[in-house]
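Let's take a walk through this model together. Keep the structure open beside you and turn it around as you read.

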Amino acid sequence: MNHIRLKELRKKRSLKQEEMAKLLEISQSGYSHYEQGNRVPDSFMLKKIADILNTTADYLLGRTN
């Protein structure tokens, strides 16, 4: 997953990491690992992230612009 895009989209939506983690029902540190590129979300979580950020999984994966 393109962690840079993830962080940019979250900030564009004016969400804090804590808020994003709450929406995803995970810990803030767990979400932080996604933004740092240390962990990759599974397909279920990827779809959930894309839905919250109003984008596509392909965009988050760096497959589309």
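In this predicted model, the buried residues of helix α2 are Gln17, Met20, Ala21 and Leu24. They span an arc of only 100° around the axis, so they sit on the same side of α2. Why might that pattern turn up in a helix? An α-helix has 3.6 residues a turn, so residues three or four places apart point the same way.

And what lies over those buried residues of α2? The cover includes α1, α3 and α4, the last of these running over residues 43-52.

Now zoom in on Gln17, which belongs to helix α2 (residues 17-24). Is Gln17 buried or exposed? Buried means under 20% relative accessible area, and Gln17 comes in at 17%, so it counts as buried. Leaving aside residues up to four places away in sequence, Gln17 touches Arg10, Gln28, Tyr31, Ser32 and Glu35. Just past the other end, α2 is followed by Glu25, which has a positive phi, near 60°.

Next, look at how α1 (residues 3-12) and α3 (residues 28-36) meet: they pack at an angle of about 120°, and their axes are 7 Å apart. That angle is why the two helices, α1 and α3, count as oblique to each other. On the α1 side, the contact is made by His3, Leu6, Lys7 and Arg10, while α3 brings in Tyr31, Tyr34, Glu35 and Gln36. What kinds of residues make up the contact of α1 with α3? It's a mix: three are nonpolar, two polar and three charged.

Terms used:
Residues are numbered from 1 along each chain as its sequence is written. This is a predicted model: local features need pLDDT of at least 70, side-chain atom pairs count only at pLDDT 80 or more; totals for chains, interfaces and linings use all residues. Side-chain values use heavy atoms; hydrogens and water are left out. Axes are lines fitted to C-alpha atoms, for helices over the stretch in contact, and angles run from 0 to 180 degrees between N-to-C directions. Helices (H or I, at least four residues) and strands (E, at least two) are DSSP runs, numbered from the N terminus. Angles under 35 degrees count as roughly parallel, over 145 as roughly antiparallel, 65 to 115 as roughly perpendicular and the rest as oblique. Contact means heavy atoms within 4.5 Å. Ala, Val, Leu, Ile, Met, Phe, Trp, Tyr, Cys and Pro count as nonpolar, Asp, Glu, Lys and Arg as charged, and the others, Gly among them, as polar. Buried means under 20% relative accessible area, exposed over 50%, partly exposed in between (1.4 Å probe, protein chains only). The arc is that of the directions from the helix axis to the C-beta atoms.
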